[in-house]
Amino acid sequence: MEPLLNADLHCHSVVSDGTLTPEALAARAKANGVQLWALTDHDEIGGQERAMAAAKTLDMKYLTGVEISITFAGKTVHIVGLGFDHTNPDMVQGLRNTRGGRAERAKEMSEGLAKVGIHGAYEGALQYAGNHELISRTHFARFLVESGVCKDTSEVFRKYLTENKPGFVPHRWASLENAVNWITGAGGVAVIAHPARYGFTANEEYALFTEFKNHGGRGVEVITGSHSSADALQYAETALEYELAASRGSDFHSPDESHTDLGTLPWLPGQLTPVWELLSDRIQ
Ligand code: AMP
Ligand code: MN
Ligand code: MN
Ligand code: MN
């Protein structure tokens, strides 16, 4: 398959913190010219069958997908999994465990917000969560915007939901090793999501990429909605340096919030190996 393929291998539905159903996302991807699509909900593969069926109806190629939250060097990092068997029991159970702490964390976030005069945030956020097992900061952000506390979700994150802010609760997610093993054990390829977002030092980043490779990780997102063009250039170099395949995905969440729409991204730089070349037998 050619590198100039309109692949969009990163987005979110109502099954995690997106606002569209898997079917609506599939239709939007198709309308935007996507040729190969993956739905990658956070820590959750409950939307895979629907996404797969919708892609098939629209005659669009599909790879199974997930975005797993891990803790590495004290920070939250996201690992995308592509082309795995979504019925694999270890992966299903591992993701269930990862989701487990979210409700408790959300209640603590709500208590933190109550201390600065914002009441009822847990119940409020829950109203925006299509999947109550997957209550996330995004749902709190939507509640705080809709109730007029902030003007947009980025203001909410800046003032309330990031480190040292009143609604932030540190959380221990899965380990890098577990996430990569779940994905590769289920026949998929593990990809480091949006590496420019983490704010790692050079040493931390070296550790992340080295350990990721040692555990069997094989890809990195180079073209993503959360990278500037300078970030894309930088991580194209990193992909070559670590001999990783490159992925491309919008990280689309919502027509109202996302600045990068499905399928509207720069092409992968030509000298890189597209991650879908590693997955030709997993494409449906
Ligand atoms: P959680 O998994 O509950 O920690 O929520 C993380 C999600 O919050 C990410 O997947 C993004 O969708 C969203 N998010 C994180 N940081 C920001 C930000 N600065 N602005 C808007 N959304 C953000
Ligand atoms: Mn998200
Ligand atoms: Mn992410
Ligand atoms: Mn994402």
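The donors of the manganese ion (ligand 2) are spaced D-x24-H-x210-H along the chain. They are D17 (OD), H42 (NE2) and H253 (NE2), and they lie 2.1 to 2.2 Å from the ion. H42 sits in the loop between strand 2 (36-37) and helix 2 (48-57) and H253 in the segment after strand 8 (245-249), so this pair ties together parts that are 211 residues apart in sequence. Donors here are N, O and S atoms within 2.8 Å of the metal (3.2 Å for Na, K and Ca); water is not among the atoms, so sites may look incomplete. Helices (H or I, at least four residues) and strands (E, at least two) are DSSP runs, numbered from the N terminus.

A word on the model: it is predicted, local features need pLDDT of at least 70, side-chain atom pairs count only at pLDDT 80 or more, and totals for chains, interfaces and linings use all residues. Residues are numbered from 1 along each chain as its sequence is written, chains are lettered from A and ligands numbered from 1 in the order in which they are written, and side-chain values use heavy atoms, with hydrogens and water left out.

## The manganese sites

How exposed or buried are the two histidines? H42 is buried, at a relative accessible area of 8%, and H253 counts as buried at 15%. Buried means under 20% relative accessible area, exposed means over 50%, and partly exposed is in between (1.4 Å probe, protein chains only).

The manganese ion (ligand 4) has its own set of protein donors: H10 (NE2), H12 (NE2), E67 (OE) and D251 (OD), at 2.1 to 2.2 Å. Their spacing in sequence reads H-x1-H-x54-E-x183-D. H10 belongs to the loop between strand 1 (7-8) and helix 1 (22-31) and E67 to strand 4 (residues 65-72), so the two tie together parts that are 57 residues apart in sequence. Both H10 and E67 are buried.

Where do the ions stand relative to one another? The manganese ion (ligand 4) is separated from the manganese ion (ligand 2) by 4.6 Å, and 5.7 Å lie between the manganese ion (ligand 2) and the manganese ion (ligand 3).

## Around ligand 1

Some metal donors turn up again beside ligand 1. The residues around ligand 1, each with a heavy atom within 4 Å of it, are D17, H42, R102, R105, S136, R137, T138, F157 and H253. The table gives polar contacts, meaning pairs of N or O atoms within 3.5 Å; within protein, one atom must be able to donate a hydrogen and the other to accept it, and residues adjacent in sequence count only if both atoms are side-chain atoms.

| Residue (polar side-chain atom) | Partner | Distance |
|---|---|---|
| D17 | oxygen atom of ligand 1 | 3.0 Å |
| H42 | oxygen atom of ligand 1 | 2.8 Å |
| R105 | oxygen atom of ligand 1 | 2.8 Å |

Of the 500 Å² of accessible area that ligand 1 has on its own, the protein covers 77%. Accessible areas come from the Shrake-Rupley method with a 1.4 Å probe; for residues, only the protein chains shown count as cover.

## Salt bridges

A salt bridge is a side-chain nitrogen of Lys or Arg within 4 Å of a carboxyl oxygen of Asp or Glu, and the count comes to nine salt bridges. One of them joins R28 and D261, with the closest N and O atoms 3.0 Å apart. This pair links distant parts of the chain, with R28 in helix 1 and D261 in the segment after strand 8, 233 residues apart. R28 is partly exposed, at a relative accessible area of 26%.

Which residues share a network of salt bridges? E44, R99 and E133 are linked in one. E44 and R99 meet at 3.6 Å, N to O. E44 lies in the loop between strand 2 and helix 2 and R99 in helix 3 (residues 89-100), so the pair ties together parts that are 55 residues apart in sequence. Both E44 and R99 are buried. R99 also forms a salt bridge with E133, the closest N and O atoms being 2.7 Å apart. E133 is in the loop between helix 5 (121-126) and helix 6 (137-146), 34 residues from R99. At 43% relative accessibility, E133 counts as partly exposed.

## A parallel sheet

Three strands form an open sheet in the order 1-2-3, with parallel pairing. Its edge strands, strand 1 and strand 3 (61-62), each pair on one side only. Two strands pair if DSSP finds at least two bridges between them, and strand 2 and strand 3 pair over two bridges. W37 stands opposite Y62 in strand 3.
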